[in-house]
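The following exercises ask the student to read a protein model step by step. Each task is followed by a worked solution.

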Amino acid sequence: MLQTGSADLVVRSRRVAFADGVRAAAVVVRAGRIEAIAPHDEPPPARETVDCGDACLMPGLVDTHVHVNEPGRTEWEGFDHATRAAAAGGITTLVDMPLNSVPATTTLAALGAKRGAAGHACHVDVGFWGGVVPGNSGDLDGLAAAGVMGFKCFMVPSGVDEFAHVTEQDLREAMPILARLARPLLVHAELPGALRAVDGQDPRRYATWLASRPPAAETQAIRLVLRLAAETGCAVHIVHLATTEALPELHAARTRKVPVTVETCPHYLTFAAEEIEDGATPFKCAPPIRERAQRQALWQALRDGAVHMIASDHSPCPPDLKRQESGDFMAAWGGIASLEVALAAVWSGARVRGISPADLARWMAEQPARLAGLAGIKGAIAPGADADLVWWDPDAEWTVDAARLHQRHPLTPYHGRKLAGVVRATWVRGVRVFERASADDPGRFANRPLGRLLARTAAPGVPSERSATVDPGGASR
C-alpha cells in the first residue's frame, strides 16, 4: 500500500528479477524498505527516480561465505576492502566466516572483537557466523544469544592453528545444542582419512594437488554429516560442494526430511582442472577445482534444485602466501578472492546455458538470505524487504584487471578473463553505496561507510516480522 506523499526513491527497469521471473516494474522505496512494486510505466512521484532501461535490476546479493580476516590478519584483508569489493560486485549483505581472523569467532569475547573491528568500516550490511571447534560447546549458547547467524566447522585441518577441525565426537556434542538453538551448522566436508599422500610427485603440477583431495574425501564427510543430522535434528549446510558424487546421498537424505542445504561456488562453475596450468597457484582452493564434467554436473544440479545456492568463498591472502615464484601448489595458501567478480562470473556461465537472472536472484540472494535467517528482510524485491538493490548490465562485457579490483591485494585467478555483466549501481537500504558509469569506470562509493552489523533472532528459514536486528547499539528493525 502506497503512502501519501512522494516516495524516497523509485528504481524502474524493463528487466526486474523477481522470485517468479523477470518482468518490467518500478520498485518504490520509503525509509529504507521496499514499500510497493508499481507498474513500470506508472511510477509514483519520488524525490529520486532512476531508470535502468533494459539493464537488469536484481535484489542485492547475499554472500554467506566470506573470509574477511579482521582482526588479526587485516593485512590479508579487512572490512573496508572486503565490503568495498562486495558493493562493487552487487553484494549488499555478507556473512563473515569465523576464521581466518585472530581470535577466531569461537567465543563471545572473540565475537566482540570481530564486531569492534567491523565498527563503522562496512560499506554493506554484515552478519557473522560463529565457529564450532573442539571444546567450545559451552560457548555456543552465548554466541547464539549474541546473534550469530549460525555456526561453521571444518572436518579437516583448516590451515590455521586457531581454528581446529572437529571429529565425529565433537559433532555429537555440538549438533544437539545447535538443533535446540535452531541455528544451522555449516560444514567444510572433507575427511582427513580420505586424503591421499602425494609424496614424490611434482608439487608444481595442478594434477598433484587435485589427486591429494579426491571426491571421496567430500562424499565420506557428507555421508557422516547426514547421518548425524538425521540423529540430532540439526540443520546442516554443505559449503563449497565441488563434486557431484555426493548428490545421490544428499537427495536420499532430503527425501527422509533430513534438514540439509548445499552451496557451490563461482570458481567451481567457471574453471576446470584441465584448463589450469602447472604452477598457477592462484587457482588453489579446497576442495579443489575439478574436471569439466564435474563443472557441467554442478550447473545441472543447480537447475534441478539439488544444489540450492552459490556463495563466493572469498578467501584472500597476501600474494607471497600464494607461492607464485615457486608455483608450489602443496605449499601455497588455498583460497580464491572473488567478491567483486562473483556475479559476473556466474552470469557468464549462466547465460550460455539459457539461465535467467531470476535464477541468479534465487541462488545468490533469496536462498542465502534464508540460510542466514534473513528471509523477508534481505534477498528479494518484495514489499517490506530492505531496499537492497543492484542495477547491472547483463550484456556488457569486461576483462578482469586484478589491479583495478577493490579487494586488498591484486590477486585472483579471474585476472585477464573476459566476463559478462557490469554492476552500474548498488543500493543498501535505499541508499546508493556504489555507482559506475561504464565497464571501464572503477566506480565511486558513498562518502562514508553505511553498512550495519546484523544479528539473527529467528529460526533458520522461518521468517518473523523482522528477524534481524542492528548490532551493536542499533534499534530493532
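**Exercise 1. The nonpolar cores**

Determine how many residues the largest nonpolar core of this predicted model has, and which have the most contacts inside it.

*Solution.* Step 1: the largest nonpolar core has 110 residues. Step 2: the residues with the most contacts inside this core are Met58, Leu185 and Leu360. Step 3: a second core, separate from the largest one, has 18 residues, including Val11, Val29, Ile34 and Cys52. Step 4: return to Leu185 and list its contacts, leaving out residues up to four places away in sequence. Among the residues that Leu185 touches are Val132, Phe151, Lys152, Leu171, Met175 and Val236.

**Exercise 2. The first strands**

Describe how strand 2 pairs with strand 1 and with strand 3.

*Solution.* Step 1: strand 1 (residues 9-18) and strand 2 run antiparallel and are joined by eight bridges. Within this pair, Val29 of strand 2 stands opposite Leu9. Two residues lie between the strands, which form a hairpin. Step 2: strand 2 also pairs with strand 3 (residues 33-38), in the antiparallel sense and over five bridges. Here Val27 stands opposite Ile37 of strand 3. The hairpin of strand 2 and strand 3 likewise has two residues between the strands, and Ala31 in it takes a positive phi near 55 degrees. Step 3: consider exposure. Strand 2 (residues 21-30) is mostly covered, with seven of its 10 residues buried.

**Exercise 3. Two helices**

Is helix 4 parallel, perpendicular or oblique to helix 6?

*Solution.* Step 1: helix 4 (residues 168-181) and helix 6 (residues 215-232) pack at an angle of about 40 degrees, and their axes are 10 Å apart. Step 2: angles under 35 degrees count as roughly parallel and 65 to 115 as roughly perpendicular. Because of its angle, helix 4 is therefore oblique to helix 6. Step 3: the crossing of the two helices is right-handed. Step 4: the contact involves, among others, Leu171 and Met175 of helix 4, and Leu224 and Leu228 of helix 6.

**Exercise 4. The parallel sheet**

State the strand order of the open sheet of six strands, and identify its edge strands.

*Solution.* Step 1: the order is 9-10-11-12-13-14, with parallel pairing. Step 2: strand 9 (130-131) and strand 14 (309-310) are the edge strands, as each pairs on one side only. Step 3: inside the sheet, strand 10 (residues 151-154) and strand 11 (residues 185-188) pair over four bridges. Lys152 has Leu186 of strand 11 as its bridge partner. Step 4: helix 4 packs on this sheet, where it touches strand 10, strand 11 and strand 12 (236-238). The direction of helix 4 makes about 150 degrees with that of strand 11.

Key:
Residues numbered from 1 in each chain as written. Predicted model: local features only at pLDDT ≥ 70, side-chain atom pairs only at ≥ 80, totals over all residues. Heavy atoms only, no water. Buried < 20%, exposed > 50% of the residue type's maximum accessible area, 1.4 Å probe, protein only. Pairing = 2+ DSSP bridges. Core = buried A, V, L, I, M, F, W, Y, C linked by side-chain atoms within 4.5 Å. Contact = heavy atoms within 4.5 Å. Axes fitted to C-alpha atoms, helices over the stretch in contact; angles between N-to-C directions. Parallel < 35°, antiparallel > 145°, perpendicular 65-115°, else oblique. Left-handed = near helix turned anticlockwise from the far one by under 90°.
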